[in-house]
Amino acid sequence: MARSSVSYAACALALCALLAVDASASDTTAAAAAAKSLPRVQLTKRTPDARTVKARAVAVQETSHRLRLTALFAPDAAASMPISNYMDAQYYGAVTIGSPPQSFQVVFDTGSSNLWVPSSKCGFIQIPCDLHAKFDAKKSVTHVANGTNFAIQYGSGALSGFLSEDTVTWAGVPIKEQVFAEATKEPGIAFLFAKFDGILGMGWEQISVDHVTPPFYNMFAQGLVPQNLFSFWLSRDAASGAAGGELVLGGVDPAHFTGVHTWLPVTREGYWQIDMDDLLIGGVSQGQCGATGCSAIVDTGTSLLAGPTKVVEELNKLIGAKSLLGEECRVMIDQYGTDLISDLTTFTPMEVCTSVGLCIVEGAAAAAKPAASAASIATSRRMLAEKHGIKVAFDNEAAGVGGPIACETCKLAVSYAKSMLAQNATQVEILDEMKTLCDLIPTRGGEAAVDCAALPGMPTVEFVLGGKKFALTPEQYVLKIDAGAGAPSQCISGFMGLDVPPPMGPLWILGDVFIGPYHTVFDYAGKRVGIADAA
């Protein structure tokens, strides 16, 4: 009788297990079927090129300066300043505005909360407007004039225009009476070469300029999506023509992730800000977050992964990355060695070091600077100051990019090289000495180059969030850049330095380099961010 009871119990357990599996499979099937009906946007992925990489460094520097000044003189405004770096935004998609619809490519940015597109009323000299689609209110029968002045501060300056109201169609879903901005002035170079037309902010309403209700808020309030959340899946397929990924509105597609999500509470509503427990390189804690932890924001508007400049510089050293300008400096020396040797006999140490941006000539000395620096296209001045834009940087700064210590070290190195020339040293020996100058050129915004062949031996970098390690392999945190003109691809570190001062910072900005390997859910209702392995 006991044996029979055991048999019945075993059968009951087996039946329960079978029913549980069937229920689980049924739930999965139902979730997948429900997900198919969710509105979604196909994302376009842009492969960064050398031009945008160089321009990004300038944009990052400008953003750092702007954040610092804003924190000092307008701390309340600092909390709502967009910190996304759109210069090399990689992912964007389509929306339409008006009736009949006018189409725009926009960056879906969790680091800001306003929608803006260029206006047909852009000024005559606003070149970025001329290169992008522009909204023409006269062509829309559903347009409602608003006219309130609008300005949003970016690192490179203020974008300005005025507010309008119209129907915004997003993922095929019409959002009625959506207020957005028509931009009549776009600052700097950040939007000049952009492949997108505007920005659709998906942050919290607390950072919305002029308290405009963000598009997704209206989408949910109008009952157009089932849940007050959205999710990003960014494709890692590097094949030409491959889909860039998907933005799913109002839910989650189970086909986009594996396993379960780690849920992280939003610690400050504005950006999608979360706590970060630790940073590990090769499995070793870097001790950067201490007992109280670090703060981070998950930002789809920034392509790289940004952190405090000093920390990122050290991180780049540990992964074997070197100053991108320094690497290019070595290439230039290899290519134009003979001309550089000639420069040693023509220019003083101060002039050579000024040409590479490690020293600065101010005031009357700058005005009296010899015109000989333009004598040859192949001189070090032309190669390093003009090619890399260093001259532009120190024209706008009060000191050389390397500071007084680097300047003095540079002059000593050049003097030594000149003495070697006087002692009849070989060209190879002198050029090797000149290459030591390249090591003194600092990174701009953490911009660092990596030997593409060295990726297999580089360490894994892990971010600890909610007690769980989220790893990035070298193949994931190193970006391959199209150098153009048939040149071999260049590898750059995906880690970028950006200093966000208090009270907002310091902050880590987990951009597309981090989001790419992980499916990310932004949940307004639960005030949380969910992260799982991307499918």
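This report describes one open sheet and the salt bridges of a predicted model.

**The sheet**

Strands of a sheet pair through backbone hydrogen bonds, in either a parallel or an antiparallel manner. In this model, four strands make up an open sheet, and their order is β18-β19-β23-β22 with antiparallel pairing. The edges are occupied by β18 (322-323) and β22 (478-481); each has a single partner strand, so one side of each lacks a neighbour in the sheet. Strand β19 (residues 448-450) runs antiparallel to strand β23 (residues 490-493), and two bridges join them. Within this pairing, Ala449 has Ile492 of β23 as its bridge partner.

**Salt bridges**

Side chains of opposite charge can pair when their charged atoms come close. The model contains four salt bridges. Three of the pairs are listed below with the distance between nitrogen and oxygen.

| Pair | N to O distance |
|---|---|
| Arg40 and Asp253 | 2.8 Å |
| Glu269 and Lys527 | 3.2 Å |
| Arg528 and Asp523 | 2.9 Å |

*Arg40 and Asp253.* The closest N and O atoms of Arg40 and Asp253 are 2.8 Å apart. Arg40 belongs to strand β1 (residues 40-45), whereas Asp253 sits in the loop between β10 (245-249) and β11 (257-265); the salt bridge therefore ties together parts of the chain that are 213 residues apart in sequence. Arg40 has a relative accessibility of 21% and so counts as partly exposed. Asp253, by contrast, counts as buried because its relative accessibility is 10%, and the cut-off for a buried residue is under 20%.

*Glu269 and Lys527.* A salt bridge also joins the side chains of Glu269 and Lys527, at 3.2 Å from N to O. This pair likewise links distant parts of the chain: Glu269 is in strand β12 (residues 268-269) and Lys527 is in the loop between β26 (518-523) and β27 (528-534), 258 residues apart. Glu269 is partly exposed, at 29% relative accessibility. Lys527 is also partly exposed, with a relative accessible area of 44%.

*Arg528 and Asp523.* The side chains of Arg528 and Asp523 form a salt bridge with an N to O distance of 2.9 Å. Arg528 is partly exposed at 30% relative accessibility, while Asp523 is buried at 5%.

*A shared network.* Salt bridges with partners in common connect Arg40, Glu246 and Asp253 into one network. The Arg40 and Asp253 pair described above is thus placed in a wider arrangement that includes Glu246.

Notes:
Residues are numbered from 1 along each chain as its sequence is written. This is a predicted model: local features need pLDDT of at least 70, side-chain atom pairs count only at pLDDT 80 or more; totals for chains, interfaces and linings use all residues. Side-chain values use heavy atoms; hydrogens and water are left out. Two strands pair if DSSP finds at least two bridges between them. Buried means under 20% relative accessible area, exposed over 50%, partly exposed in between (1.4 Å probe, protein chains only).
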